[in-house]
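The questions below concern a few side chains and the company they keep. Please have the sequence and the model at hand while reading.

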Amino acid sequence: MNSVTVSTPFNIYLDFEVAALPRRILAWLTDMALIMAFAQSMRSFALGMFYDIPDEKYPIGLDFLLVTLPILFYHLIMELVFQGQSLGKKVVGIRVLSLEG
């Protein structure tokens, strides 16, 4: 297995194992399944709110706020909140590290 050596500002060298491709793919598929489930549930929620109103079109602005923005920022928010892990990476047990440690 490949490994990466990271040098810290205190001249301490840390070795980390690079995640194998199948584990990365599994983490990505898990993230995509979660994102798709989230999008479907939010779209169902938005449609449920406006379904009974006659002559009302699909609420595109609400769809943008409830579905598109959270999906666009999913990986950024997850990696900030969970310290380098999205939910899929957390399930598989891998994380993102910088070369500075």
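Q: With the side chain of which residue does the side chain of Gln 85 make a polar contact?
A: In this predicted model, Gln 85 sits in the loop between helix H3 (74–81) and helix H4 (87–92). From there its side chain makes a polar contact, at 3.4 Å, with the side chain of Lys 90.

Q: Which backbone oxygen does the side chain of Gln 85 reach, and at what distance?
A: Leaving aside neighbours within four places in sequence, the residues in contact with Gln 85 include Met 78, Gly 93, Ile 94 and Arg 95. Among these, Ile 94 offers its backbone oxygen, which the side chain of Gln 85 reaches at 3.0 Å.

Q: Is Gln 85 buried or exposed?
A: The cut-off for a buried residue is a relative accessible area under 20%. Because the relative accessible area of Gln 85 is 8%, this residue counts as buried.

Q: Which residue forms a salt bridge with Lys 89?
A: A search of the whole structure finds 1 salt bridge. The pair links distant parts of the chain, 10 residues apart, with Lys 89 in helix H4 and its partner in helix H3. The closest N and O atoms are 2.8 Å apart, and the partner of Lys 89 is Glu 79.

Q: Which of the words buried, partly exposed and exposed applies to Glu 79?
A: Its salt-bridge partner Lys 89 has a relative accessible area of 17% and is therefore buried. Glu 79, in contrast, has 27% relative accessibility, so this residue counts as partly exposed.

Key. Residues are numbered from 1 along each chain as its sequence is written. This is a predicted model: local features need pLDDT of at least 70, side-chain atom pairs count only at pLDDT 80 or more; totals for chains, interfaces and linings use all residues. Side-chain values use heavy atoms; hydrogens and water are left out. Helices (H or I, at least four residues) and strands (E, at least two) are DSSP runs, numbered from the N terminus. Buried means under 20% relative accessible area, exposed over 50%, partly exposed in between (1.4 Å probe, protein chains only). A polar contact is a pair of N or O atoms within 3.5 Å; within protein, one must be able to donate a hydrogen and the other to accept it, and residues adjacent in sequence count only if both atoms are side-chain atoms. Contact means heavy atoms within 4.5 Å. A salt bridge is a side-chain nitrogen of Lys or Arg within 4 Å of a carboxyl oxygen of Asp or Glu.
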